[in-house]
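Trainee: I should like to study a protein structure through its aromatic rings and its overall form. May we proceed by question and answer?

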Amino acid sequence: MRFLPLLALSILLGCGGDPEPAGGKSGDKPAGGEKPAGGEGTQESRPAPDTTWKNIRAPRKPENAWDIAAAVESRQLQNGLTVLVRERHGAPVITCQLAFKVGAVDERDKERGIAHFLEHMLFKGSTSFKKGDIDAYTAKNGGQNNAYTSRDMTTFHFTMPASGLDAALKILSEMLGQSTLDEGEFEAEKGPVCEELKAGLDNPWSRLWEQAQAEVFTKHPYHHPVIGYEPEIRKMTRAQMKEFYDKYYKPTNAVLVIVGDVDREVVFGKVKTLFAKIATGTPVPKLDVVEPPQEKERRWEKEEDVEVDRLIMAWRGPAAGQDDDFACDILSSILGAGRTARLHRRLVEKDRLASGAGASNDSGRFPGTFVVDVESLQGSDRGKIEAAIDDELAKLAADGPTAEEIAKARNGTIAAFIFRAESAQSMSDTLATFACMQNVDALGSYVARIEAVGADAVKDAAKRILRKKTRTTCWSIAKADKDGVGDATDVEPRRIGKDGAAPAAAGASVKLSGAKRLVLDNGMILLLLENHDLPIFAVQTFSRSGQTCESEDHAGLANLTGSLLEDGTATRTAEQIAAAIENVGGRLSTTATGVDATVVAKDQDLALDLTFDILENAAFPEEWVDRRRALLLNEIASKRDDPTQMAREAFMEAVYAHHPLHRPDTGYEDTVKSLTRDDCVRHFKKFFIPNNTIVAVVGDFDPAKVEARIRELTKSWKLQLLDFPDFPKAENGAGGSKGVSLPDSNQVNVFLGHVGIRRDDPDYFPLLVMDHVFGTGSGFTDRLSKTVRDEKGLVYWIGASVALGAGIEPGTFRAGFACEPAHYGEALSMVRAEIDRIRKDLVPVAEMDAAKAYMTGSFALGMETNAQMADWLVSVERYGLGLDYPEKFAERVKAVTPEQVLAAAQKHLDPKALWLVVSGPVDEKGELKKK
């Protein structure tokens with residue numbers, strides 16, 4: 001079972017001191033009171049045994065550093081509900097997650113998609129919560145909620161400040177058997193569900209993935225897409241859903257997980273009160289469908305209206321927890337994890353046939369798939385790609401992996417355990433996944449079983465599983481043999497879908513003011529913040545060197561230069577840099593503005609050495625300039641396969657006019673083709689200088705030692721003259737409309753807006769509050785989500801903001817949504833009406849207070865990881881916010897009045913300046929084409 005963000009899975013590391021004994025903290029009095037003086041208590045004086053709980057698994061002392069299940073306590077109520085609690089006191093944050101051992105695999109014919117549809121409906125109301133109340137209650141308590149359905153399980157999670165525990169448990173208790181499944185809401189929600197389905201159909205990677213699964217599995221329910229089929233969804237009845245819900249969404253099939261800043265005895269007491277009397281329910285029937293053996297290769301190819309050829313090659317894989325599952329995790333790492341992986345080295349770097357190549361082990365409750373995915377470069381021969389894959393698989397099956405490859409794969413897995421432990425939500429999701437598909441002890445033994453995988457096991461798995469005769473090969477082929485490249489785009493979870501939206505971020509109790517700020521003699525700004533909660537070390541650098549620092553005829557230069565930073569220095573080759581970081585399981589990436597690196601704390605010297613070697617000594621080898629230029633050109637081509645991206649870029653072109661931000665950061669085909677190594681070197685030498693650089697370091701380290709190390713590493717890095725280019729101001733004009741014609745698109749993607757504000761605008765906080773009222777609230781609490789999405793059911797995603805995009809240069813005011821063409825006019829009219837309303841009427845106090853409660857309460861949710869805190873340190877330095885910004889955030893939000901919001905909306909939202917940009921079956925003016 002490969003633990004990748006794409007699969008929404010994560011790994012839990014049990015850290016900190018020895019866990020307290022079950023029953024309370026050390027020194028707590030027994031529940032029945034003190035013993036009578038003079039000896040043991042009588043039978044009458046002892047408390048009656050609590051028969052509420054069974055199958056109790058108490059926390060225990062870790063047996064070794066990787067005994068990651070040790071700190072988890074598990075108990076089961078008599079009604080069958082399994083409850084897992086993991087105390088984690090590093091941040092005042094909790095996640096409460098209710099997971100059901102019910103997924104798409106448990107559906108019957110003619111009801112495909114019912115589990116996913118039901119996931120939507122459980123937010124629509126219950127005994128105590130009417131429509132909209134769950135989101136409002138979550139926001140009031142400063143939390144965020146979301147859910148997902150997979151083949152094997154359905155899960156709902158609420159992440160809150162620690163004070164929101166009661167709210168989260170109350171909501172989840174009513175989801176467990178008390179959801180109303182209102183008939184009207186059931187019919188209305190079919191619209192957003194089908195819009196989500198159509199969004200997937202417009203995504204070439206989603207289409208190809210679903211097709212590959214359908215080809216691999218002919219009898220087993222894994223054949224069917226999780227989201228189902230539109231005809232079945234349209235015909236589905238509330239009675240079908242209620243039968244499914246009443247049977248299976250009950251304690252016997254459920255796991256409740258609580259992770260975070262809690263006292264576990266208090267939690268178990270609250271859970272007992274809320275959940276113990278809920279009826280047991282019916283266990284999910286055992287699935288007895290067995291997929292017949294695959295005797296020969298299956299092939300599927302389709303020519304599509306895309307720019308890029310895409311390949312998924314799939315084999316039947318193991319089920320979660322089987323011996324092969326661990327061997328396949330290592331195998332997928334050797335083939336597809338990082339620049340030193342075999343497929344990347346062969347297809348991307350040696351043969352230069354592809355822009356990217358990966359591998360994953362997608363195991364589940366039942367045997368799943370082992371997948372290789374490739375995006376080809378333009379002009380590449382598909383036959384050569386397949387031949388190269390065959391050659392690499394044959395070598396691995398014949399000779400097995402090297403000792404270095406095994407070590408790298410193990411180190412990467414172990415480091416992933418630590419990195420993912422930083423987030424309460426990812427810890428909770430991991431516990432829920434293991435509890436639903438295996439058990440908590442399987443989580444505890446995961447690393448040990450990974451460490452036990454040797455070269456022979458990997459060789460054997462490659463030989464037995466990755467055979468040509470049992471594989472399924474699926475190609476999405478660009479028309480006229482146009483091949484290309486691009487990153488796969490994940491389908492957004494159901495309840496996010498807000499363009500440009502992000503949490504308010506940070507935490508009132510997380511104090512950036514504890515950071516040490518230094519300005520070195522060469523002008524470099526250094527920010528050091530200790531965090532010893534986990535053995536993790538993160539470093540982030542920022543140089544103002546992005547697209548505003550390039551000329552129009554060099555569009556894409558900053559992007560190209562940033563990508564080349566990791567491709568070699570004066571003393572290290574690209575291969576040596578990649579091997580150094582990947583062999584210790586670390587992460588390093590470079591962008592147009594600098595370097596990001598995260599490692600286990602013991603490897604902090606390596607992270608610093610690589611970071612500053614890159615910043616000072618990047619070499620820009622000519623060969624890599626050619627390679628990166630080709631990759632960038634293919635990225636430009638691949639974006640034309642994404643209707644949302646095409647609309648977004650056309651919107652930026654229209655809004656920013658002659659300002660540098662009108663350009664895509666990738667540049668244009670003609671400008672990128674003209675870029676040279678000398679261009680990159682000049683850009684690097686001009687902007688990657690110490691007095692234009694901020695360095696933030698957060699994690700488990702000694703500040704004095706790190707400071708001394710950085711001073712030593714940068715002693716030869718000299719202050720230089722800094723000269724930023726002049727460019728036109730970003731100003732609003734008369735507005736207009738523009739269409740991007742995509743005749744075969746299932747949806748229209750719409751953006752409406754104009755130039756926004758800078759981060760230092762005095763109206764920033766009134767506009768930030770306005771955003772959360774208007775288009776960026778929690779769940780469906782903001783006006784656009786509530787009206788267009790939740791009440792009318794016209795869209796799957798919708799959102800708007802003006803403050804969230806503010807930077808050194810103005811951001812945009814931008815509202816966006818996607819819908820089927822038939823709903824376009826009505827949805828657009830509703831968005832325009834909400835813009836008029838926020839400009840004309842005072843926001844009611846109750847509505848504003850609810851938005852403020854969410855903003856201030858959720859403040860702690862964006863600073864759980866060291867990388868997040870490093871990012872915040874860079875931001876407060878760039879924008880001059882001060883290291884005490886988190887402590888002052890709440891008071892500044894609370895001070896905003898309805899009058900200030902109205903005045904800011906009237907000043908900064910200009911209906912006459914609005915640009916409307918639409919992609920889909922439209923003409924050049926954005927009007928629907930008549931069929």
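Trainee: Are Phe 217 and Tyr 222 buried or exposed?

Mentor: This is a predicted model, in which local features need pLDDT of at least 70 and side-chain atom pairs count only at pLDDT 80 or more, while totals for chains, interfaces and linings use all residues. Residues are numbered from 1 along each chain as its sequence is written, and side-chain values use heavy atoms, with hydrogens and water left out. The test is relative accessible area, found with a 1.4 Å probe and protein chains only: under 20% is buried, over 50% is exposed, and partly exposed lies in between. By this test, both Phe 217 and Tyr 222 are buried.

Trainee: Which charged residue sits over the ring of Tyr 222?

Mentor: A charge sits over a ring if NZ of Lys or CZ of Arg is within 6 Å of the ring centre and within 35 degrees of the ring normal. Here the charged end lies 3.9 Å from the centre of the Tyr 222 ring, and it belongs to Arg 151.

Trainee: Over which ring does the charged end of Arg 544 sit?

Mentor: The distance from the charged end of Arg 544 to the ring centre is 4.4 Å. The ring is that of Phe 724.

Trainee: How many aromatic pairs does a search of the whole structure find?

Mentor: Rings of Phe, Tyr and Trp (its six-membered ring) pair if their centres lie within 6.5 Å; planes under 30 degrees apart are stacked, over 60 edge-to-face, and the rest tilted. The search of the whole structure gives 27 aromatic pairs.

Trainee: How far apart along the chain are Phe 117 and Phe 186?

Mentor: Their rings form a stacked pair, 4.9 Å centre to centre with 10° between the planes. Phe 117 lies in helix α1 (residues 114-121) and Phe 186 in helix α4 (residues 183-201), where helices are DSSP runs of H or I with at least four residues, numbered from the N terminus. The pair links distant parts of the chain, 69 residues apart.

Trainee: What is the relative accessible area of Phe 186?

Mentor: Phe 117, its partner in the stacked pair, is buried, with a relative accessible area of 0%. Phe 186 also counts as buried, and its relative accessibility is 0%.

Trainee: What percentage of the residues in the protein is buried?

Mentor: The protein has 931 residues. The buried residues make up 59%.

Definitions and conventions: Helix = DSSP H or I, 4+ residues; strand = E, 2+ residues; numbered from the N terminus.
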